[in-house]
Amino acid sequence: MDIPWVLAWFLVLMKWLVKQEPSAYSWSDFVKDGKTSWTGVRNYTARNNLGKMKKGDQVFFYHSVEDKAVVGIARVVRTAYPDPTAKEGDWSAVDLAPIKALARPVPLQRIKADRRLKNIGLVRQGRLSVMPLTEPEFRTILRMAGK
DNA sequence: GCCAACGTTGGC
DNA sequence: GCCAACGTTGGC
């Protein structure tokens with residue numbers, strides 16, 4: 001049986017979450033730019049996750065330190081390429097573009113309080129800056145944001 | 001290859 | 001500002 005190509009494509013898309021300190025680069029900076037290259041990742045696990053991103057994947061934008069909340073959704077517009085800001089070493093960047101801000105940002109506190117989200121990197125590995133989310137995890141956060 | 005020392009991130 | 005968690009570095 002053939003799967004319609006639209007559905008097939010939907011099934012392979014992955015979900016991600018990236019962290020950024022808003023004092024360094026905020027969601028509003030991102031919206032103003034319309035697109036950005038996600039450079040500066042210097043952690044192997046995070047870099048490997050960047051490498052798995054596919055064009056069209058959806059990515060939550062999380063504000064660390066000051067806000068501690070998921071504030072928006074972006075999409076991958078260019079897959080991994082060598083990070084131009086890396087003077088040495090094998091580091092990667094991707095290009096992201098904003099889709100939309102969440103109606104209500106989802107604070108870390110609420111994420112931690114939800115049993116369905118207890119396995120996400122944000123909770124289990126606090127320092128990881130680029131992490132995958134399962135489809136249910138992604139939808140749970142989306143629902144918490146109130147459509 | 002082990003592990004102590006050190007550096008960084010990020011929540012509290 | 002503190003500190004836990006984690007990653008990296010470098011001496012042995």
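Which residues surround DNA strand B? In this predicted model, the set is Lys19, Tyr62, Ser64, Val65, Lys68, Leu108, Lys112, Gly126 and Arg127, where a residue is near a molecule or strand if one of its heavy atoms lies within 4 Å of it. Of the strand B atoms that come within 4 Å of the protein, sugar and phosphate make up 76%. Sorted by class, the surface near DNA strand B comprises 4 charged, 3 nonpolar and 2 polar residues; here Ala, Val, Leu, Ile, Met, Phe, Trp, Tyr, Cys and Pro count as nonpolar, Asp, Glu, Lys and Arg as charged, and the others, Gly among them, as polar.

A word on conventions. Residues are numbered from 1 along each chain as its sequence is written, while chains are lettered from A and ligands numbered from 1 in the order in which they are written. Local features need pLDDT of at least 70 and side-chain atom pairs count only at pLDDT 80 or more, whereas totals for chains, interfaces and linings use all residues, and side-chain values use heavy atoms, with hydrogens and water left out.

Several polar contacts (pairs of N or O atoms within 3.5 Å; within protein, one must be able to donate a hydrogen and the other to accept it, and residues adjacent in sequence count only if both atoms are side-chain atoms) can be picked out. Val65 puts a polar backbone atom 2.9 Å from a phosphate oxygen of DNA strand B. Lys112 uses its side chain instead, with a polar atom 2.8 Å from a phosphate oxygen of DNA strand B. Arg127 goes for a base: an N or O atom of its side chain sits 2.9 Å from a base oxygen of DNA strand B.

Val65 and Lys68 deserve a second look. Val65 falls in the loop between β3 (58-63) and β4 (69-82), and Lys68 is found in the loop between β3 and β4 as well. Val65 is not a glycine, yet its phi is positive at about 65 degrees. Lys68, also a residue other than glycine, has a positive phi near 55 degrees. Lys68 counts as partly exposed because its relative accessibility is 40% (buried means under 20% relative accessible area, exposed over 50%, partly exposed in between; 1.4 Å probe, protein chains only).

On to DNA strand C, whose surroundings are Asn43, Tyr44, Arg124, Gln125 and Arg127. Sugar and phosphate account for 50% of the strand C atoms that come within 4 Å of the protein. The surface here has 2 charged, 2 polar and 1 nonpolar residues. A polar side-chain atom of Gln125 is 3.2 Å from a phosphate oxygen of DNA strand C.

As for the protein itself, chain A has 6 helices and 6 strands, taken as DSSP runs (H or I, at least four residues, for helices; E, at least two, for strands) and numbered from the N terminus. Their order is α-β-α-β-α-β-β-β-α-α-β-α. The C-alpha trace spans about 45 × 45 × 30 Å along its principal axes. Buried residues make up 43% of the 147 in chain A.

Asn49 belongs to helix α3 (residues 44-52). With a relative accessibility of 5%, Asn49 counts as buried. Beyond its neighbours within four places in sequence, Asn49 is in contact with Trp16, Leu128, Val130, Met131 and Pro132, contact meaning heavy atoms within 4.5 Å.
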